[in-house]
Amino acid sequence: MSHRKPKYTATRRLHLKAKLLKKAASMLVDESEERRQEKERFLKESFPQPQLSGLSVQELQNLCKDLHHKIDVVDEARYDMEAKVSKNEKEIESLKLKIIEVKGIRRPSLKRVKKSADDMLGQYTDGSKLTKPDFKVNLKTVKKEEEKREEVTDWRKNVEAMSGMEGRKKLFDAGQ
């Protein structure tokens with residue numbers, strides 16, 4: 001395999017990339033300025049500045065009423081559009097849920113389990129003749145050690161027995 005030399009060196013490519021980015025940035029700025037000017041032009045053509053000078057009070061009131069009426073119409077249209085959008089969004093959600101219900105929940109594929117020869121033979125024999133295996137047979141048995149317990153007697157009897165000279169004699173004899 002022969003290695004070809006690149007047409008441009010790394011520094012040259014980096015320089016060209018920087019120039020392209022600068023040009024793109026200037027184009028974006030120009031485009032946004034053009035959009036802003038187009039918007040201003042459209043607004044001036046569609047909605048010219050009202051001439052308020054030289055109008056009487058009655059004409060100003062009529063102009064205000066007309067503007068309020070137009071605002072109400074636009075607000076009603078906006079409300080209707082919002083209601084339609086919310087209704088459509090709810091419908092889309094319900095349809096998504098129906099699609100999920102129709103498709104069903106994906107169940108994971110089951111893994112194959114190897115069967116022993118006894119299990120395979122057990123399938124082909126009569127089920128009434130089969131006995132259930134006793135799993136307890138193979139379990140180890142653990143014997144519990146019985147704890148040495150001292151006899152618990154009534155403490156009152158013990159106190160009576162140890163009282164007096166006889167009880168002291170017993171304690172003395174037990175100490176020797």
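## Helices, salt bridges and a pocket

R78 and E82 sit 4 residues apart in helix α2, which means that about one helical turn separates them. Their side chains meet in a salt bridge, with 3.2 Å from N to O. Neither end is hidden away: R78 counts as partly exposed at 46% relative accessibility, and E82 is partly exposed too, with a relative accessible area of 43%. Keep in mind that this is a predicted model, so everything here is computed from predicted coordinates.

Let's zoom out for a moment. The protein chain has 5 helices and 0 strands, and reading along the sequence gives the pattern α-α-α-α-α. How much of the protein chain counts as buried? Just 1% of its 176 residues, where buried means under 20% relative accessible area. The accessible surface of the protein chain comes to about 19700 Å², and 58% of that belongs to carbon and sulfur atoms.

Back to the charged pairs. The count comes to 8 salt bridges, and the table lists some of them, including the R78 pair from above.

| Salt bridge | Closest N and O atoms |
|---|---|
| E33 and R36 | 2.4 Å |
| E45 and R41 | 2.9 Å |
| R78 and E82 | 3.2 Å |

Helix α1 holds the E33 and R36 pair; these residues are 3 residues apart there, so they are separated by about one helical turn. E33 is partly exposed at 32% relative accessibility, and R36 is partly exposed as well, at 40%. The pair doesn't stand by itself, either: E33, R36 and E40 are linked in a network of salt bridges.

Further along α1 comes the bridge between E45 and R41. Here the spacing is 4 residues, which again means a separation of about one helical turn. Are the two ends exposed or partly exposed? E45 counts as exposed, with 54% relative accessibility, whereas R41 is partly exposed at 38%. The cut-off for exposed is over 50%, so E45 at 54% makes it and R41 at 38% doesn't.

Now for F47, a residue that turns up in more than one place. It lies in the loop between α1 (10-46) and α2 (57-103). F47 is exposed, with a relative accessible area of 60%. Together with F42 and L43, F47 makes a nonpolar surface patch of about 340 Å².

F47 also helps line the largest pocket, which has a volume of about 250 Å³. What else lines that pocket? The other lining residues are S46, P48, P50, L63, D66, L67, K70 and I71. Helix α2 gives the most to this lining, with 5 residues. Sorted by class, the lining of the largest pocket has 6 nonpolar, 1 polar and 2 charged residues.

Put side by side, F47 belongs both to the nonpolar patch with F42 and L43 and to the lining of the largest pocket, while sitting in the loop between α1 and α2.

Methods
Residues numbered from 1 in each chain as written. Predicted model: local features only at pLDDT ≥ 70, side-chain atom pairs only at ≥ 80, totals over all residues. Heavy atoms only, no water. Patch = residues over 30% accessible without salt bridge, like charges linked within 9 Å, V, L, I, M, F, W, Y side chains within 5 Å. Areas by Shrake-Rupley, 256 points an atom, 1.4 Å probe, with all protein chains shown as cover. Salt bridge = Lys/Arg side-chain N within 4 Å of Asp/Glu carboxyl O. Helix = DSSP H or I, 4+ residues; strand = E, 2+ residues; numbered from the N terminus. Buried < 20%, exposed > 50% of the residue type's maximum accessible area, 1.4 Å probe, protein only. 1 Å grid on protein atoms, 1.4 Å probe; cavity = no way out; pocket = protein on both sides within 12 Å on 5 of 7 lines; lining within 4 Å. Points joined across faces, edges and corners; volume = space filled by probe spheres on them. Nonpolar A, V, L, I, M, F, W, Y, C, P; charged D, E, K, R; others polar.
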